[in-house]
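Me: Could you pick one part of this model and take me through it closely? Start with one residue and work outward from there, please.

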Amino acid sequence: MRRILGTLLTAAVTVLGAVVGVSAPAHAAGHTPVVFVHGYTGSASNWVTAEAVFAAAGYSSNEMFAFNYNSYGDNKTNAASLASYVNQVRAQTGASKVDIVNHSMGGLVSWWYIKQLGGQQYVKHLASLAGANHGTTAAYACLIYTTCQQMSPGSSFIQTLASGDETPGDTKYATWYSPCDGVINPYTSTMLSGATNNYVACENHLTYLTDTVVLSSVRTFLAS
């Protein structure tokens with residue numbers, strides 16, 4: 001009789017769990033979800049090679065997310081959109097934090113989210129590939145757009161970001177920069193005080209997105 005009752009009780013609990021939607025956490029033990037943030041005029045498709053490199057290391061499609069934003073709008077608005085996107089990723093995966101990998105102007109979007117919108121508490125690692133973190137003179141060619149005004153060296157936007165601690169909290173920060181960049185001028189603009197700043201001997205601004213050696217080093221950094 002006890003065995004029968006035990007079997008019935010187990011079945012009842014199983015059914016009840018199904019009814020009320022009890023399930024395992026969406027994010028089982030694995031990798032911290034990665035959010036890729038493209039650069040000026042870029043898109044989510046920029047990260048195809050990076051996703052392949054990460055997938056080769058065991059990342060699943062449910063652990064990689066590419067954020068899109070308006071390159072011609074306002075980076076404060078873009079950062080707010082990134083904040084919402086990160087919250088969606090966290091809710092979807094069940095993860096408490098994400099890793100962010102950015103490129104070019106995506107550095108400013110990510111940095112504003114972390115420093116000005118409270119994102120630091122939700123970001124475990126920040127990897128910046130040729131980030132326009134302290135601006136670039138290349139932005140002078142597109143000053144009709146607010147994003148380019150913000151990306152100009154010495155802008156109030158950048159001054160706000162660079163004031164105080166450039167790498168706050170327990171987030172781990174790393175950058176990759178190169179004298180062959182050609183778009184980030186000066187190329188040292190990418191470096192952040194307090195970050196692990198990786199000098200790349202000669203890397204074109206766009207080939208960061210397809211260089212599997214650099215992307216593998218980013219993946220290794222995220223595992224630290």
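Reply: **Out from one loop**

Thr41 is in the loop between S1 and H2. Keep in mind as we go that this is a predicted model. What catches the eye at Thr41 is its backbone: phi is positive, at about 65°, even though the residue isn't a glycine. Is Thr41 buried or exposed? Neither, quite: its relative accessibility is 49%, so it counts as partly exposed.

Now step back to see what this loop belongs to. S1 covers residues 34–37 and S2 covers residues 64–67; the two strands run parallel, joined by four bridges. If you want a register mark, Val34 sits opposite Met64 in S2. Between S1 and S2 the chain passes through H2 (residues 48–56), giving a β-α-β crossover that is right-handed. Thr41, then, lies in the loop leading from S1 to the helix of that unit.

On to the helix. Which residues of H2 are buried? They are Ala50, Val53 and Phe54. Around the axis they span an arc of only 95°, so they're on the same side of H2. What do these buried residues pack against? Their partners are S1, S2 and, from further along the chain, helix H7 (212–222). Flip to the face turned away from that buried side and you find the exposed residues Val48 and Ala56. After H2 comes Gly58, and here too phi is positive, near 105°.

Phe54 has a second role to look at. Ring pairs connect it with Phe36, Trp47 and Tyr59 in an aromatic cluster. So far, then, Phe54 shows up among the buried residues of H2 and as a member of that ring cluster.

That brings in the aromatics in general. How many aromatic pairs does the whole structure hold? A search finds 11. One of them is Tyr72 with Tyr145, a tilted pair with 4.8 Å from centre to centre and 50° between the planes. Tyr72 belongs to the loop between S2 and helix H3 (75–93) and Tyr145 to the loop between S4 and H5, so this pair ties together parts of the chain 73 residues apart in sequence. Both rings are partly open: Tyr72 is partly exposed at a relative accessible area of 42%, and Tyr145 is partly exposed at 28%. Compare that with Tyr177 and Tyr187, whose ring centres are 6.1 Å apart with the planes at 15°, so that pair is stacked. Tyr177 is in strand S5 and Tyr187 in the loop between S5 and S6, 10 residues apart. Here the two partners differ in burial: Tyr177 is buried at 11%, while Tyr187 is partly exposed at 30%.

The loop holding Tyr145 is worth a second look. It runs between strand S4 (123–129) and helix H5 (146–151), and Ala130 is in it too. Like Thr41, Ala130 is a non-glycine residue with a positive phi, here about 50°. The surroundings contrast nicely, though: Ala130 has 0% relative accessibility and so counts as buried, whereas Thr41 is partly exposed.

From there it's a short hop to the cysteines. The count comes to two disulfides. Cys142 is joined to Cys148 at 2.0 Å from S to S, and both of these cysteines are buried. About the S-S bond the angle is -95°, making the link left-handed. In the other disulfide, Cys180 and Cys202 have their sulfur atoms 2.0 Å apart; this link is left-handed as well, with -105° about the S-S bond. It links distant parts of the chain, 22 residues apart: Cys180 is in the loop between S5 and S6, and Cys202 is in the loop between S6 and H7. Cys180 is partly exposed at 30% and Cys202 is exposed at 55%. Numbered in sequence order, the bonded cysteines pair 1-2, 3-4.

One last oddity, back in the S5–S6 loop. Where does Pro186 sit? It is in the loop between strand S5 (172–177) and strand S6 (196–199), and the peptide bond joining Asn185 to Pro186 is cis, with omega about 0°. That loop therefore carries Tyr187 of the stacked pair, Cys180 of a disulfide and the cis Pro186.

Conventions. Residues numbered from 1 in each chain as written. Predicted model: local features only at pLDDT ≥ 70, side-chain atom pairs only at ≥ 80, totals over all residues. Heavy atoms only, no water. Pairing = 2+ DSSP bridges. Right-handed = clockwise from strand over helix to strand, strands pointing away. Buried < 20%, exposed > 50% of the residue type's maximum accessible area, 1.4 Å probe, protein only. Arc of directions from axis to C-beta. Contact = heavy atoms within 4.5 Å. Phe/Tyr/Trp six-rings, centres within 6.5 Å; stacked < 30°, edge-to-face > 60°. Disulfide = S-S within 2.5 Å.
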